[in-house]
Every structure is written in structure tokens, then in C-alpha cells.
Amino acid sequence: MSSKQRVARNNPSPIVEEQSFMMSSSMLTAVDKVNESESAVKTAVTPMRWFVLFLFSCYVILQYFSWNIFGPISSSVKKTFHWNNTDISMLANWDTILFVIFSMQMYWLVQRNGLRITLLMSLSMMTIGAVFRCIPLKNDWAKWILNTGQIFNGLGGMLAQAAAPFLSSTWFPAKQRTTATAIASLSCPLGIAISHLIGPAFVPDLIIKNESNPFDEQNTASRLIMRTRIEYLMYLEFALSALLLFASIFCFRNKPPYPPSNSASFEKIKFKIGLVRLIKIKDFWLIMAVASSVTGVYSGWGAMLAVNLRGNGLDISQKECGLVGFITTMSSVFGGIMVGKLADRFNCRLKLIIVVLYSIASTTFLWITLICEKIAPFSRASVYISCIIGGFCINGSIPLLFELVVELTYPVPETVSIAFISVVNNLFAFIFLLILGIPNIGVSWMNWCLFAICIMSLGMLFFVSENYKRMKIDEKNQEIFEK
């Protein structure tokens, strides 16, 4: 046995001790030197990784289903409870507000304790929120009940937004990381897609037959029926949340017996030190601006799709808007996973793929804008195709952006870099939804805003320098055992 093998056997991962915060720069230098070493590390992958990914993806799907559920049924909710667009947008905004305030603390817990504890905490919060929404909805307290439920759901949703790269690096080898990140992160739009399908199926569009007297006896009976349908939808959310919580308690593992790659075997640098180093990386600021602005604005735009299309006078019903949203996000989910697998094969071409996706998205959102402004001719097929292609490109780019950020900022932990981006992402979504609440502002600005953000982000991408630090480490000679 050579001396190098003995060192690798006796010291399977580098351990860096932090003496004080003032020694952060020297510690980081030591980490970098260890990362550049050529010592082989025993690694292994386990089939359990796919079940862990499945459970986490179910959590993400349910979280985004619960977050977006009121958007697709906004027309019926507003008529049932005498609400307006501001009330609907506030239900969606709690998630962004709470993420901005508490996300860094959550991802500090992820790095300290792993995914299991934080996932169980998140699912518990979601279940509590679902319990609140199961309280009978009377007009005088419906707003308080539903907002309280959304607050707890938001507290349980912080993990869903940025933990996908952490899970993929903990459980998956280098050649499967982007695919795993794609599956976990694209579960977000999948949850939104399901809400567009199930929401209008449970709660159809409420028709007020006598608009001059919306409080007459016939309209009151229609509202009572619609309120019952909304309550049934809330019961479904509770049942799914409780079921997933119990399944995760017994089945979700924190980490595999052996690291799946060289980089996964290394001890992570401290959260605070990683944050300090992160703000000094110029390319991180560029890619953060790109990822946060486009995904943040698009998430707000997608959540208010029914408000947007119907508010612009397009002849599309609430059910049709839900179908558009469902097809759009479903195509982006499966297409995004395919893009992720493609990126795993060409793992040093992430920036090029993102540029192509953003170019196509900019074109399609311009076309949607022209349709809503009555400049381009309206047709249902045109709206469907434009939304589908645009959603595919934006959502398909999310796992690629996450992986590119992790590569550019390595050895800063994934929890630090992705959480930072997600905070700014939520700020963009919050501002977007907040603007919608301004009286008499209308909805035509929503499409122009999304198109402008796509164009600006596309320009910024050309100034990002690619550097695949983590990939270079994982390409070194290593032993992989399938267990």
C-alpha cells in the first residue's frame, strides 16, 4: 500500500477546525488546498437515494400545491367571500415574506443537523396550517383563518425552495447530480400544475346570475355551495399533509452510509464563513441577479395567471386558465428533467443551455404580451403554446442555474449560496405581488415586466465566467461501489 493510499484510508475526508471567526481566510485557503489534492476517497451510492428523493419531491409538490391553490380558483374565492385581487395576492405573499425573514436560519439548521430534522419540522408546520384551513369558513373570519393557515404553510415551505442541490450532493454521484436537482426543484412547478388542475375541479367558477343584486337569495345559496367546495379542498390538503408527515417520520434518512462523490466526503465550511466568502465572488452576484429576478417574477406571474389572462379581457374561463397553467407546468417539469439529464452528459455547458432557454422564453413572453395588448391576434392555441414554451424554458433553467451557482461558489456550502439566491428570488416575487395590490393598477404591466426581466437577465448571462470547481474534484480517480 502506497503512502498516498494510507493517508486516504486513515483520513477519508479533510477536517478543518475553526479557531475563531478572524481566522476564516486562512481556513478557506486550507480547504481549497485539500480540495485540489488528488487523494482517492472511497465513495458509494445506494438505491435508497431514489426513495429519499421521492419523499422530498412529494413534500415540495404538496408545499407548492398548498401555496398556489387560491390562484386558480381566485374568481370563485373573490365572489364567495367578497374579496379582491389584493386579498388573493396576500395569500400567496406570506410564503415570500416568511422566506425572506427566516430562510437563513432554516438553512443554517440544514447544514448543522441535515435534512431529516428540518424536513420533519417543515411538514409539521404545513400540517398545522392545513388544520387551520379546515376550520369552517364563515365570511366574517374566513380571511383570518385562511391567512393563518398560509402563514404556517409558509413556515413549512422554506426548505422546499432551495434544498434540492444539498440533497443531490449528499445522496447522488456527480453524473446524476443535475438530474436529481432537476427532479427535486422541478417538483415546485409540478405542485403548481396540480393546483391548476385540482383547484378548479373542486371549485368551479361561481356564476352570479343577478349582478345588480349579488346578495339575493339565489346568489347566497350559490355562495354556500361554493364555500362547502372550498372546505372540501382544504380537507384534502390536510389529509395529504398528515400522510406525508407520518411517512417521512418512518422512512426519510438523513444521509447515506458512504458519500456518493469526492466533494461530498469533504467537511463543509461553517455557514457564517461561507456567507462571508460568498459575497466576495463577483460571478455569484451576476448569476444571483439572473436566477432571482427571472424565477421570482415568473413565480408571481404564474401564480396570478388566471387574474392576468382574464383581467386582460381574454375570452378564457377560470377552468381554462387552470388547464393552461397545468399543461404549462407539466411540460416544463418533464422537459426540465430531460434538460437536467442532458446537462449531466454535457456538464460543462450549463451556461450555454441557459442562454438558449432564456432566448426562447423572451420571445414567447413578448408574444403573450402582444396578445394581451390586442396587438397580436388572439387564439386559445396561441396562448396555450406561448405559455407552455415560456414555462418550459424558465422552469427548465432552474436546476441548471442551481448547479452552476454551486460550481461557481464551491467550496461554499450549497445551503448558503442557494438560500441567498432564494431570498432575493422571494423579494422579487413579493414586490411583484405587492404591486398587483396597488388600487387600479390593472394587470397589463405583468406581462411587460416579465418580458423585460428575461431580456435583462439574458444580457447579464454573457458576463458570467464559468468555473466548474466541484466537477474537477469529482472527476479525479475514485472507487464507486453500488450497494
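**Figure 1. The D87–K143 salt bridge.** With a relative accessibility of 16%, D87 counts as buried, where buried stands for under 20% relative accessible area, exposed for over 50% and partly exposed for what lies in between (1.4 Å probe, protein chains only). Its partner K143, at 37% relative accessibility, counts as partly exposed. The two side chains meet in a salt bridge, with 3.2 Å from N to O; the term asks for a side-chain nitrogen of Lys or Arg within 4 Å of a carboxyl oxygen of Asp or Glu. Because D87 sits in helix α5 and K143 in helix α7 (residues 142–155), this pair ties together parts that are 56 residues apart in sequence. Helices (H or I, at least four residues) and strands (E, at least two) are DSSP runs, numbered from the N terminus.

A note for all the views: this is a predicted model, in which local features need pLDDT of at least 70 and side-chain atom pairs count only at pLDDT 80 or more, while totals for chains, interfaces and linings use all residues. Residues are numbered from 1 along each chain as its sequence is written, and side-chain values use heavy atoms, with hydrogens and water left out.

**Figure 2. The E237–R133 salt bridge.** The structure holds two salt bridges, and in this one the side chains of E237 and R133 meet at 2.7 Å, N to O. The pair links distant parts of the chain, with E237 in helix α12 (residues 217–251) and R133 in helix α6, 104 residues apart. Both E237 and R133 are buried. What about the length of helix α6 (residues 115–133): what should its 19 residues span at 1.5 Å a residue? The expected span is 27 Å, and the end C-alpha atoms are 27 Å apart, so the two agree; the expected value is 1.5 Å times one less than the number of residues. Buried residues of α6 include L115, L119, L123, M126 and R133.

**Figure 3. D95, a buried acid without a salt bridge.** D95 lies in helix α5 (residues 85–113). Which side chain of opposite charge is nearest to D95? It is R133, 9.6 Å away, and D95 is buried yet has no salt bridge. In this count Lys and Arg are positive and Asp and Glu negative, with His and the chain ends not counted. Leaving out residues up to four places away in sequence, D95 touches Q63, W67, N153, G154, G157, Q161 and N426; contact means heavy atoms within 4.5 Å.

**Figure 4. Aromatic pairs, stacked and edge-to-face.** Rings of Phe, Tyr and Trp (its six-membered ring) pair if their centres lie within 6.5 Å, with planes under 30 degrees apart called stacked, over 60 edge-to-face and the rest tilted. By this rule the count comes to eleven aromatic pairs. For F51 and F54, the ring centres are 6.3 Å apart and the planes at 25 degrees, so the pair is stacked. These residues are three apart in helix α3 (residues 48–68), which separates them by about one helical turn. F51 counts as partly exposed at 34% relative accessibility, and F54 counts as partly exposed at 48%. The rings of F284 and W285 have centres 6.0 Å apart and planes at 70 degrees, so that pair is edge-to-face. F284 is buried, with a relative accessible area of 0%, whereas W285 is partly exposed at 36%. Elsewhere, ring pairs link Y298, W301 and F365 into a cluster.

**Figure 5. T181 in a mostly covered helix.** Is helix α10 (residues 177–185) mostly covered or mostly exposed? Mostly covered: eight of its nine residues are buried, among them R177, T181 and S185. T181 has a relative accessible area of 0%. Setting aside neighbours within four places in sequence, T181 is in contact with A164, P165, S168, L186, P399, F402 and E403.

**Figure 6. The nonpolar cores.** A nonpolar core is a set of buried Ala, Val, Leu, Ile, Met, Phe, Trp, Tyr and Cys residues joined through side-chain atoms within 4.5 Å. The largest one has 124 residues, of which F56, Y59, Y107 and W301 touch the most other members. Helix α19 (residues 380–409) gives the most to this core, with 13 residues. Contacts of Y107, beyond residues up to four places away in sequence, include F99, M158, F271 and A419. A second, separate core of nine residues includes A182, L186, A193 and V333.
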